Amino acid sequence: MPQNLLEQLRSYTTVVSDTGDFEAIKEFRPTDATTNPSLIAAAAQMPAYQPLVDEVLKEARDEKGESASDHDVAMYAFERLAVAFGKRILEIVPGRVSTEVDARLSYDTQKTIDQARAIIKQYDKAGIGREHILIKIASTWPGIKAAEQLEKEGIHCNLTLLFGVHQAIACAEAGVTLISPFVGRILDWYKKDTGKDYQGADDPGVQSVTKIYNYYKHFNYKTQVMGASFRNIGEIKELAGSDLLTISPQLLSELENTQGDLPRKLDPEKAKSMQIEKISMDEATFERMHAEDRMAHDKLKEGIEGFSKALENLESLLAKRLAELESRTPASV
C-alpha cells in the first residue's frame, strides 16, 4: 500500500504540530509542538479549555492578591497559561514544546532572560525536564544575545520570526538549539512586493530555508532548522529533509490525505560538498545586513508587532474572564 505524504515526510523530517489545540495534536501524533499567543488565544476561547483557563486565572489572582489590577493579573496569568498549555501538550507529544517569551521584550536582552528563567522555573517545579522545553524568542540581536546566555545555562531556545540568513548565522554562532524561519511570511512579502506568484522551488521562502539549511550543514553547526509558517503543501514538499517542520493541522491533514512520491530535497551530505562562503557575524554586520534586507526588516518588525498585539488581545480576554469569575464588571485593561 503506498504511503501518504505525511508518512513519507516523517522518514526524513521531525514533524511538529503548530497549534494549541490538544485534540488536533492527538490526531496527528507529532513529535513536538509549538505555541504562540495567537494560538493560545484561539484555544483559550474554545469551551473545552475554559476550565484550564479558569484554573490559571484563579491561581494568578491568589498569587498577585486582591489589590492587583485585572491588567496585572492577566499579564501574570498569560505566562502561566502558556506553561499550562505546554504541560498538557507534553502529556501528548514525546518530544518538546516551545513556549514563547513576551514579544514586547524582543529588544531587551535582560528582561527576555528573566522571563525565560521564570518560565523554566515553572516547568522545573512541575518536574518536566529541560530537554522537553524550548523557549521561543524573536530573532532580534538582543533576543539572540539572550538566547546565547540561556543556552549556557542549559535552557534551550527556539529563535522565531527569522527571515534572513544574517539572523540564522547569528543564531548558529550563539549556539541556539533551533531556529524557525518563516517560509510563508517570506512568500507573502515577495508576492506583495513583486505582484508575482511563486510555486515550488521558486518560492522565496523555500529558497531562504534551503540556503540556511545548506549553510548550517556545510559548516557543521549544531543548530537545527525548523521551517514554519507554511501557506501550502508545495512549500513543505520542497523542504522535505529539513531537521524539523512545524505544520498547521489543516496542512497536516492535506499531507495525510495526499498520495504520491515525496523525494528528499534537503540533505546534509549534499550540503557538505557545496561551495559556500562563510560570513563572520557581529552586531555591526548583523545590523547592516538587516537594514539591507527589506523583506527581513519589514517582516521582523511586523511579526513582533503582530505577536505583541495578539498578546494584548489575550490579556484583554483573560481580564474579562477574570471579572466574570469574580462576578463583577470588568475593569478597563
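In this predicted model, strand 2 (residues 32–34) and strand 3 (residues 97–100) pair in the parallel sense over two bridges, and within that pairing Thr34 has Ser98 of strand 3 as its bridge partner. The two belong to a wider arrangement, for eight strands close into a barrel in the order 1-2-3-4-5-6-7-8, with parallel pairing. On average, and with direction ignored, neighbouring strands of this sheet are turned by 30° against each other.

Further along the barrel, strand 5 (residues 157–162) runs parallel to strand 6 and is joined to it by three bridges, and Asn158 stands opposite Leu178 in strand 6. To get from strand 5 to strand 6 the chain passes through helix 8 (residues 165–173), and this β-α-β crossover is right-handed. On the next pairing, strand 6 and strand 7 (residues 224–227) are parallel and share two bridges, where Ile179 has Val225 of strand 7 as its bridge partner.

Which way do the residues of strand 6 (residues 178–181) point? Leu178 and Ser180 point one way, while Ile179 and Pro181 point the other way, and all are buried. This follows a broader pattern, in that side chains of a regular strand alternate between the two faces of the sheet.

Ile179 also leads into the interior. The largest nonpolar core has 90 residues, and among these Ile135, Ile179 and Tyr216 touch the most other members. The largest share of this core, ten residues, comes from helix 5 (residues 70–89). Leaving aside neighbours within four places in sequence, the contacts of Ile179 include Asn158, Leu162, Ile212, Tyr216 and Val225. A second, separate core of 13 residues includes Ala103, Leu161, Ala228 and Ala296.

Around the barrel, helix 7 (residues 141–152) lies across strand 4 (133–138) and strand 5, and runs at about 170° to strand 5. Helix 7 also takes part in one of the nine aromatic pairs that the structure holds. Trp141 and Phe286 form a tilted pair, with 5.3 Å from centre to centre and 55° between the planes, and this pair links distant parts of the chain, since Trp141 is in helix 7 and Phe286 is in helix 14 (residues 283–292), 145 residues apart. Trp141 counts as buried because its relative accessibility is 12%, and Phe286 does so at 2%.

The rings of Tyr215 and Tyr221 have centres 6.2 Å apart and planes at 10°, so this pair is stacked. Tyr215 is buried, with a relative accessible area of 5%, and Tyr221 is buried at 15%. Together with Tyr216 and Phe219, these two tyrosines form one aromatic cluster.

Notes:
Residues are numbered from 1 along each chain as its sequence is written. This is a predicted model: local features need pLDDT of at least 70, side-chain atom pairs count only at pLDDT 80 or more; totals for chains, interfaces and linings use all residues. Side-chain values use heavy atoms; hydrogens and water are left out. A nonpolar core is a set of buried Ala, Val, Leu, Ile, Met, Phe, Trp, Tyr and Cys residues joined through side-chain atoms within 4.5 Å. Buried means under 20% relative accessible area, exposed over 50%, partly exposed in between (1.4 Å probe, protein chains only). Helices (H or I, at least four residues) and strands (E, at least two) are DSSP runs, numbered from the N terminus. Contact means heavy atoms within 4.5 Å. Two strands pair if DSSP finds at least two bridges between them. A crossover is right-handed if, with the strands pointing away from the viewer, the path from the first strand over the helix to the second runs clockwise. Axes are lines fitted to C-alpha atoms, for helices over the stretch in contact, and angles run from 0 to 180 degrees between N-to-C directions. Rings of Phe, Tyr and Trp (its six-membered ring) pair if their centres lie within 6.5 Å; planes under 30 degrees apart count as stacked, over 60 as edge-to-face and the rest as tilted.
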